[in-house]
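Here are my notes for anyone opening this one for the first time. Have the sequence and the 3D view side by side as you read.

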Amino acid sequence: MIRIVIAENQEMLLEAISSLLNLEEDIEIVGKASNGDEAIALIHRLQPDVCIMDMEMPVRSGLEAAEALKSFEYKVIILTTFRRSGYFQRALNANVSGFLLKDSPSDELACSIRGIMDGKRIYSPELIDDTSNNKQREMGMLGLLADGQTTIEPSDQPSKTIGTVRKYFSTIKEKMKLPAG
């Protein structure tokens with residue numbers, strides 16, 4: 001059973017995420033917090049497998065809480081609504097295991113949690129800063145490669161052309177010594 005603490009300051013969203021994840025047979029919500037400080041206290045007390053935190057919370061944001069937890073080797077997933085410059089780099093520096101959009105389907109969140117429990121790092125490509133270097137972009141694509149995906153559908157994001165994505169896949173495959181395909 002994957003034990004999870006969720007930190008979200010909007011009560012309705014906190015309950016919705018909790019209810020949806022509790023429907024999964026292998027996931028159990030063991031704690032809920034409304035800000036980063038409460039989340040840190042719950043995490044230290046309950047020792048969950050994963051903590052899901054909202055980016056923007058009162059008292060201490062999800063990123064600030066993740067930075068405070070960095071040295072404890074906890075698996076942290078940050079959920080956000082919007083991409084903000086510099087946040088992806090901060091998430092990487094805080095050793096965040098997942099950096100995902102809130103408007104993703106709930107089954108995608110559950111799959112991401114399972115992937116993170118298997119040691120993967122999962123970052124929504126839309127949240128990767130345009131100013132980030134190629135290595136960081138490649139890391140964002142590794143989750144797809146780890147699942148055996150060798151192609152990707154064209155994105156409706158103008159900055160994510162299919163050629164750019166193919167370039168990253170090729171570079172990653174080359175570095176990992178995988179066959180082209």
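What follows is a set of numbered points, going from the whole chain down to single residues.

1. First, a word on what you're looking at: this is a predicted model. The protein chain has seven helices and six strands. Walk along the sequence and you'll meet them in the pattern β-α-β-α-β-α-β-α-β-α-β-α-α, so to read the notes below it helps to keep that order in view.

2. Next, some overall numbers. The protein chain has 181 residues, and 43% of them count as buried. As for contacts, take those between residues at least 6 apart in sequence: 63% of them join residues at least 24 apart.

3. Now look at helix 2, residues 36-46. Which of its residues are buried? They are Gly36, Ala39, Ile40, Leu42 and Ile43. Viewed down the helix axis, these buried residues fall within an arc of 165 degrees, so they line one face of helix 2. What do they pack against? The buried residues of helix 2 pack against strand 1 (2-7), strand 2 (27-33), strand 3 (50-54) and helix 3 (62-69).

4. Stay with helix 2 and turn to its partner, helix 3. The two pack at an angle of about 35 degrees, and their axes are 9 Å apart. Their crossing is right-handed. On the helix 2 side the meeting residues are Gly36, Ile40, Ile43 and His44, while helix 3 brings Ala65, Ala68 and Leu69. Sorted by class, this contact has five nonpolar residues, two polar ones and no charged ones. Three of the names here, Gly36, Ile40 and Ile43, also appear among the buried residues of helix 2.

5. A second helix pair to check is helix 1 (residues 11-22) with helix 5 (residues 106-117). Here the packing angle is about 65 degrees, with the axes 10 Å apart. Angles of 65 to 115 degrees count as roughly perpendicular, and helix 1 and helix 5 are therefore roughly perpendicular to each other. Helix 1 passes helix 5 in a right-handed crossing. The contact is made by Ile17, Leu20 and Leu21 from helix 1, and by Ser106, Leu109, Ala110 and Ile113 from helix 5. That makes six nonpolar residues, one polar and no charged.

6. Click on Ile27 next, which sits in strand 2. Ile27 is buried, with a relative accessible area of 3%. Ile27 and Met1 are 26 residues apart in sequence, yet their C-alpha atoms are 5.6 Å apart in space. Which residues does Ile27 touch, leaving aside its neighbours within four places in sequence? The list is Met1, Ile2, Ile4, Leu21, Asn22, Ala110, Ile113 and Arg114. You've already met Leu21, Ala110 and Ile113 in the contact between helix 1 and helix 5.

7. Asp54 is worth a look too. Asp54 lies in strand 3, and is it buried or exposed? With a relative accessible area of 5%, Asp54 is buried. Setting aside neighbours within four places in sequence, Asp54 is in contact with Ala7, Glu8, Asn9, Ser61, Gly62, Leu79 and Lys102.

8. Further along, find Ser124 in the loop between strand 6 (122-123) and helix 6 (134-146). Although placed in a loop, Ser124 is buried, with a relative accessible area of 7%. Its contacts, apart from neighbours within four places in sequence, are Phe99, Leu100 and Leu101. Ser124 and Leu101 are 23 residues apart along the chain, and 6.7 Å separates their C-alpha atoms.

9. Last, a check on the backbone: two residues that aren't glycine have a positive phi. Glu73 has a phi near 65 degrees and is placed in the loop between helix 3 and strand 4 (75-80). Asn95 has a phi of about 65 degrees and is found in the loop between helix 4 (87-93) and strand 5 (98-101). How do they stand on accessibility? Glu73 counts as exposed at 63% relative accessibility, whereas Asn95, at 26%, counts as partly exposed.

Technical notes. Residues are numbered from 1 along each chain as its sequence is written. This is a predicted model: local features need pLDDT of at least 70, side-chain atom pairs count only at pLDDT 80 or more; totals for chains, interfaces and linings use all residues. Side-chain values use heavy atoms; hydrogens and water are left out. Axes are lines fitted to C-alpha atoms, for helices over the stretch in contact, and angles run from 0 to 180 degrees between N-to-C directions. Helices (H or I, at least four residues) and strands (E, at least two) are DSSP runs, numbered from the N terminus. Angles under 35 degrees count as roughly parallel, over 145 as roughly antiparallel, 65 to 115 as roughly perpendicular and the rest as oblique. A crossing is left-handed if the near helix is turned anticlockwise from the far one by less than a right angle, and right-handed if clockwise. Contact means heavy atoms within 4.5 Å. Ala, Val, Leu, Ile, Met, Phe, Trp, Tyr, Cys and Pro count as nonpolar, Asp, Glu, Lys and Arg as charged, and the others, Gly among them, as polar. Buried means under 20% relative accessible area, exposed over 50%, partly exposed in between (1.4 Å probe, protein chains only). The arc is that of the directions from the helix axis to the C-beta atoms.
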